[in-house]
Amino acid sequence: MSYVDEVYARVVAQNPNEPEYHQAVKEVLDSLKLVIDANEEKYRAVSLLERFVEPERIISFRVPWVDDKGNVQINKGYRVQFNSAIGVYKGGLRFHPTVNQSILKFLGFEQVLKNSLTGLPIGGGKGGSNFDPKGKSDREVMAFCQSFMTELYRHIGPNVDCPAGDIGVGGREIGYMFGQYKRITKHYEGVLTGKGLTFGGSLVRTEATGYGLIYILNEMLTHNNHSLEGKTVIVSGSGNVAIYAVEKLQQYGAKVVAMCDSNGYIYDKDGIKLDVVKNIKEVRRARISEYVKEVPTAVYTEGKGIWSIPCDIALPCATQNELDLEDAKMLKANGCIAVAEGANMPTTREATDYFLENGVLFMPGKAANAGGVATSALEQSQNSMRMSWTFEEVDAKLKDIMVNIFAKAADAAERYGVPGNYVAGANIAGFEKVANAMMAQGIV
């Protein structure tokens with residue numbers, strides 16, 4: 001049995017009933033096999049892989065809070081501090097009913113490589129709760145966030161662990177948590193990113209993941225003799241990532257014809273009217289189905305099926321494993337030439353392999369959606385210096401980071417004899433930096 005297979009078998013045996021975590025580890029280790037086989041003796045001697053796939057620390061706690069009816073509610077809270085070899089732990093907090101330890105370990109593991117690719121000094125972590133902010137009043141969300149931070153504050157800090165937002169955690173939630181952190185610690189410091197602009201937030205943070213996705217997509221297309229101009233695009237989701245990916249796509253001259261939420265999808269053959277979507281999702285916090293009331297020429301369809309719409313480019317920006325093998329086959333049959341992941345692991349392993357084997361350009365999430373964490377790290381830098389940069393300055397830095405991530409992934413794929421395989425390239429480039437740092441720091 002190879003070293004890679006041994007380590008994967010150990011992960012499955014020691015972490016039962018954690019399918020998302022197993023999936024993430026297998027995908028990464030399989031694509032790292034070329035590197036690991038070439039350095040097996042060196043890595044085995046210090047159990048590097050065993051340490052690489054195991055979080056440094058998992059914190060689990062209860063979160064009691066009182067709802068508007070005076071009833072006491074209890075949720076579970078977590079922080080997975082995965083790897084600090086190249087910097088302080090950095091990664092989002094997710095508030096969603098599906099949150100569990102397996103999902104957070106998969107996200108934290110992916111975050112290690114994603115953060116490494118940015119070139120910035122940040123390690124990987126992830127956290128959150130099974131609390132659902134949807135349908136809760138502002139007072140209930142504040143009560144939960146304050147209780148959550150009353151435990152979490154013991155484990156974080158600007159030089160220890162700097163969380164950000166994720167699904168269910170936007171500016172409102174970050175604000176409530178930052179206020180509670182400051183109240184408890186008496187420290188005004190850059191411990192959370194995604195803050196409001198009036199108290200240490202960074203310009204471009206809202207747009208960063210969506211913009212970054214399109215910057216690296218544009219690099220991949222250009223490198224392969226394609227252009228975004230005039231392309232037809234499907235973007236799944238209608239949250240932060242999807243909205244600002246659409247905004248940047250339209251600036252590049254592409255036409256987005258479909259978006260969705262968890263209930264269903266809209267198809268607008270004339271091109272999505274982004275101002276309408278922004279009003280529905282950012283102002284009214286309503287369902288995407290409302291779009292057809294304002295744009296009667298559009299069509300709304302309940303349930304899954306967005307990937308059946310013909311397109312040149314598909315951008316899954318909603319949630320993990322939303323694009324499966326059948327979807328991949330439909331996209332290819334309908335002429336799709338490129339897929340880039342705006343969400344974390346939204347494409348199943350079978351679908352990813354199908355794209356790679358059938359000539360569809362594919363950029364994995366750890367590279368494609370790294371713009372969010374990159375700009376979070378830029379916010380950390382601004383907080384440390386007690387200054388702020390202009391929108392143009394931050395946007396230019398973001399674009400440079402995404403262009404460099406593509407270059408690293410493309411170079412690593414070339415060096416290991418798999419040109420054009422950006423999944424392997426991104427994993428290898430991210431891993432090399434972390435592995436070298438771990439080797440240098442001894443058995444810790």
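Two strands count as paired here if DSSP finds at least two bridges between them. By that criterion, strand S1 and strand S2 (residues 72-83) of this predicted model are paired in the antiparallel sense, over 10 bridges. One of the bridges into S2 joins Ser60 to Tyr78.

S1 and S2 belong to an open sheet of 5 strands, ordered S1-S2-S4-S3-S5, in which the pairing is mixed. The edges are taken by strand S1 (57-66) and S5; each has a single partner strand, so one side of each is left without a neighbour in the sheet. From one strand to the next, the twist averages 25°. Helix H5 lies across four strands of this sheet, namely S1, S2, strand S3 (88-95) and strand S4 (122-129), and runs at about 155° to S4.

The other sheet to consider is also open, with 7 strands in the order S9-S8-S7-S6-S10-S11-S12 and mixed pairing. Its edge strands are strand S9 (299-302) and strand S12 (361-363), each of which pairs on one side only. Here the twist averages 15° from one strand to the next. At the S9 end, strand S8 (residues 264-267) pairs with S9 in the antiparallel sense over 4 bridges, and Tyr267 has Val299 of S9 as its bridge partner. Towards the other end, helix H8 (residues 208-223) lies across strand S10 (313-315), strand S11 (338-340) and S12, at about 150° to S11.

The annotated positions can now be placed on these elements. UniProt, in an unreviewed entry, gives the feature "binding site" at Lys90, Gln111, Lys114, Gly165 and Ser376. Lys114 is in helix H5 (residues 101-118). With a relative accessible area of 4%, Lys114 falls under the 20% limit and is therefore buried. Beyond residues up to four places away in sequence, Lys114 touches Asn344, Gly365, Lys366, Asn369, Ala370 and Val373. Gly165 is in strand S5 (residues 161-165), an edge strand of the 5-stranded sheet. Its relative accessibility is 24%, so Gly165 counts as partly exposed. With residues up to four places away in sequence not counted, Gly165 touches Gly92, Leu93, Ile174 and Thr193.

UniProt also lists Thr209 and Asn240 for "binding site", again from an unreviewed entry. These two span 32 residues in sequence, yet their C-alpha atoms are no more than 8.1 Å apart, so they gather at one spot. Thr209 is in helix H8, and Asn240 is in helix H9 (residues 240-251). Are the two residues buried or partly exposed? Thr209, at 11% relative accessibility, counts as buried, whereas Asn240, at 36%, is partly exposed. Leaving aside neighbours within four places in sequence, Thr209 is in contact with Val241, Gly342, Asn369, Gly371 and Gly372. Asn369 is thus listed among the contacts of Thr209 and among those of Lys114.

Helix H16 (residues 391-415) allows a check on helix geometry. Its 25 residues should span 36 Å at 1.5 Å a residue, and the end C-alpha atoms are 36 Å apart, which agrees. An α-helix has 3.6 residues a turn, so residues three or four places apart point the same way. The buried residues of H16 include Val394, Leu398, Ile401, Ile405 and Ala409. Asp395 is also buried in H16. Just after the helix, Gly417 takes a positive phi of about 75°.

The nonpolar interior remains. In soluble globular proteins, nonpolar side chains tend to be buried together. In this model the largest nonpolar core has 102 residues, and Phe52, Leu217, Leu249, Leu315 and Phe431 have the most contacts inside it. Helix H17 (residues 422-440) supplies the largest share of this core, 10 residues. Phe431 is in contact with Leu32, Val35, Tyr43, Leu48, Leu49, Phe52 and Leu113, leaving aside its neighbours within four places in sequence. Apart from this core lies another, of 22 residues, among them Phe95, Leu152, Tyr181 and Leu192.

Definitions and conventions. Residues are numbered from 1 along each chain as its sequence is written. This is a predicted model: local features need pLDDT of at least 70, side-chain atom pairs count only at pLDDT 80 or more; totals for chains, interfaces and linings use all residues. Side-chain values use heavy atoms; hydrogens and water are left out. Helices (H or I, at least four residues) and strands (E, at least two) are DSSP runs, numbered from the N terminus. Axes are lines fitted to C-alpha atoms, for helices over the stretch in contact, and angles run from 0 to 180 degrees between N-to-C directions. Contact means heavy atoms within 4.5 Å. UniProt positions are given in the numbering used here, feature names are shortened, and annotations may be inferred rather than shown by experiment. Buried means under 20% relative accessible area, exposed over 50%, partly exposed in between (1.4 Å probe, protein chains only). The expected span of a helix is 1.5 Å times one less than its number of residues. A nonpolar core is a set of buried Ala, Val, Leu, Ile, Met, Phe, Trp, Tyr and Cys residues joined through side-chain atoms within 4.5 Å.
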